[in-house]
Amino acid sequence: MQEIQNPILRGFHPDPSIVRVGRDYYIATSTFEWWPGVRIHHSRDLVNWRLIGYPLTRTSQLDLRGVGPSQGVWAPCLTWDDGTFYLVYTVVKAFYCNMYDTENYLVTAKDIRGPWSEPVALNNFGFDPSLSHDDDGRKYMVSMVTDHRVPKKYAGRLVLQEYDPKARRMTGPVRDIYQAERIFLEGPHIFKRNGWYYLFSADTGTGEAHGQTIQRSRSVWGPYEMYRPADPLRQDGEAWSILTSRHHEDILLQKSGHCDLVETPEGEWYAVHLCGRASEKRNPPDAPRFAGCRRYLLGRETAIQKMRWTEDGWLELDPGCAEEAGKPGAEAERAKDGQSGNRPAPFSNTPLTRVPAPAEAAAQNDAENAASGEAPFCRDDFDNLQLALDYQSLRIPMDSHYLSLSERPGWLRMYGRSGLASRFSQTLIARRMTEYRMTAETCVSFEPEVFKQMAGLVLMYDTDNYLYLHLSRDEDVGKCITLLKAENRSYEYLTDYIPLQEGRDVVLRLTVEDTTARFSYGYRDEPLTQAGEAVDVSFLSDEACQEGWFTGTMIGICCQDLTGFGKHADFDWFEVRPDGQLPGWAHGR
């Protein structure tokens, strides 16, 4: 049996939304303050996935200048109807405050690769908008509602309003379809099956207690009835989750929730959901936020589970897919995934690391399936005139004001602009950290004139939290290299100003093993020297950062010139190589 290995989108890929058009599957994920907006992956078999682009690629569509860490683009919902792709999403402009600014928009396209339209403004009641297409042609948008009142009137609230595609605007009344004093719901989707409208929503935040609920009604406007399965592990006051990791701290896929559904051509059902792989480190018990919680450096990722319909029309996780009799270690894997005994339990809501692929995948040609997957992208020698899709920048596009791939063929030229704390004009490109073992390396040609000019290799969570191995110039030492640490706006240099030879290209390297990083430097074709001591990098995590906690750790190259003259640095290559295939790491941290 062909299997899907979770997570299917590794590293920072949260809030997945999935749609099938013919034999093609597409997943959209959140990008927050990273540019361009919304990542789209494609698959033919739900096993192999390839990044194919971003819908929000123009500043007329998306302006992220000034947004804070973990704000920006939240929870896109990707759907298709009558030859058109629809993408609704939130642009969060203010969140860590009393009154949230959550602007909801819609863009459309005939081709998933674009061009995508200019955005249509929708309502701004809250975030996580989702568009549904009824079989009578009418369209509805559901979203959660933020409440700035003290105290809040409801713990959780969802509203529904109709969308008029001809007028390109919201229309009609806004109605509550869910109110609760205890169970908080977000990330809602509405879909229809056999005359029932199903309200499929994430519950209980986005941490380790996260989960997914389902409700149904004969009318899109409700009232909706909550499915209450016989879950022996559920405790009083918990949500009635059909998918959650909250009772199994030892399994791989933690934080599981925020689902979306897809049906295969053969009638099989799958749910994509966000998840996280925990590190071995925790917040201190007196931490100002998330005290004692485990740290997740990779951020929230995307996984997939097989689902089943009960005889009375409710949706559940399909526990039968956990059975793999005869496989070495199968019983241990079932125990790890929350199963026990020789047969799966009648009801299970625990996510699995290995999931059977749909029947169509086995029937397709292996070469065709593999071709639909992501080609390994490790080393970039900057031989093309366009950046690879995998790169993202912070808040703004990297146009000719920031970089060039033609000024020095075979090199990436980066023009120094604002500092690493800037929310407006950084010269930086980055890729996701996808495993707890990885190596990154770059070669830079840079001749700084003053200490305000810097270029190098950065491991960062956001503009307040990073480790930056960079070249600069000191009045006493001359051209030099040093390692800067920023942790929640507390800054320290972890090395002295180490002298470098003038006129020589410098190789910079970073290795991470679990939560320990080592930085090193040197010259072409020569042994490298470690820069400072090994560093605990677990502070680059959702739980440890004090402002944002929704993205994930990124590895980047960047250049700053705080004099305003735009001193440039040239990069010959940039390589990020996950070591996830090492023994003991392929299916774990």
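In the predicted model, the side chains of Thr84 and Lys110 are joined by a polar contact of 2.7 Å. Thr84 belongs to strand E8, which covers residues 84-94. The relative accessibility of Thr84 is 10%, and because values under 20% are classed as buried, this residue counts as buried. A second polar contact between side chains links Asp572 to Arg524, at 2.6 Å. Asp572 is placed in strand E41, formed by residues 568-578. With a relative accessibility of 14%, Asp572 likewise falls under the 20% limit and therefore counts as buried.

Two open sheets were examined. One is built from 4 strands in the order E11-E12-E13-E14, with antiparallel pairing. Its edges are occupied by strand E11 (130-133) and strand E14 (169-180); each of these has a single partner strand, so one side of each is left without a neighbour in the sheet. Neighbouring strands of this sheet are turned against each other by 25 degrees on average, direction ignored. Within the sheet, E11 and strand E12 (residues 139-144) run antiparallel and are joined by 4 bridges. In this pairing, His133 has Lys139 of E12 as its bridge partner.

The other open sheet also consists of 4 strands, here in the order E20-E21-E22-E23, and its pairing is antiparallel. Strand E20 (254-263) and strand E23 (315-317) form the edges, each pairing on one side only. From one strand to the next, the twist averages 40 degrees. Strand E21 (residues 269-276) and strand E22 (residues 301-309) run antiparallel and are connected by 7 bridges. Tyr270 is positioned opposite Lys306 of E22.

Backbone geometry was considered next. The peptide bond between Gly114 and Pro115 is cis, with an omega of about 5 degrees. Pro115 is situated in the loop that connects strand E9 (101-109) and strand E10 (120-121). A cis peptide bond also leads from Val150 to Pro151, where omega is near -5 degrees. The loop containing Pro151 lies between E12 and E13, two strands of the sheet with the order E11-E12-E13-E14.

Positive phi values occur at two residues that are not glycines. Asn488 has a phi of about 50 degrees and is found in the loop between strand E33 (478-487) and strand E34 (490-493). His258 has a phi of about 55 degrees, but this residue is located in strand E20. The relative accessible area of His258 is 7%, which is under 20%, so the residue is buried.

Internal space was then assessed. Rolling a probe the size of a water molecule over the atoms shows where empty space remains. The structure contains 2 cavities of 30 Å³ or more. The second largest cavity has a volume of about 50 Å³. Its lining comprises 13 residues, and those nearest its centre are Ala75, Pro76, Pro129, His189 and His258. His258 is thus a residue of this lining as well as a non-glycine residue with positive phi. Strand E7 (72-81) and strand E15 (185-193) each contribute at least two residues to the lining of the second largest cavity. By class, this lining is made up of 6 nonpolar, 5 polar and 2 charged residues.

The second largest pocket encloses about 900 Å³ of space. It is lined by 45 residues, with Phe184, Glu186, Gly205, Thr206 and Phe550 lying nearest its centre. The elements giving two or more residues to this lining are E7, strand E13 (156-164) and E20. The largest share, 3 residues, is supplied by E20. Classified by residue type, the lining of the second largest pocket has 18 nonpolar, 12 polar and 15 charged residues.

Several of these elements recur across the features described. Strand E20 is an edge strand of its sheet, holds His258 and gives residues to the lining of the second largest pocket. Strand E7 supplies residues to the lining of the second largest cavity and to that of the second largest pocket. Strand E13, a member of the sheet with the order E11-E12-E13-E14, also takes part in the pocket lining.

Key
Residues numbered from 1 in each chain as written. Predicted model: local features only at pLDDT ≥ 70, side-chain atom pairs only at ≥ 80, totals over all residues. Heavy atoms only, no water. Pairing = 2+ DSSP bridges. Axes fitted to C-alpha atoms, helices over the stretch in contact; angles between N-to-C directions. 1 Å grid on protein atoms, 1.4 Å probe; cavity = no way out; pocket = protein on both sides within 12 Å on 5 of 7 lines; lining within 4 Å. Points joined across faces, edges and corners; volume = space filled by probe spheres on them. Nonpolar A, V, L, I, M, F, W, Y, C, P; charged D, E, K, R; others polar. Buried < 20%, exposed > 50% of the residue type's maximum accessible area, 1.4 Å probe, protein only. Polar contact = N/O pair within 3.5 Å; in protein donor to acceptor, adjacent residues only side chain to side chain.
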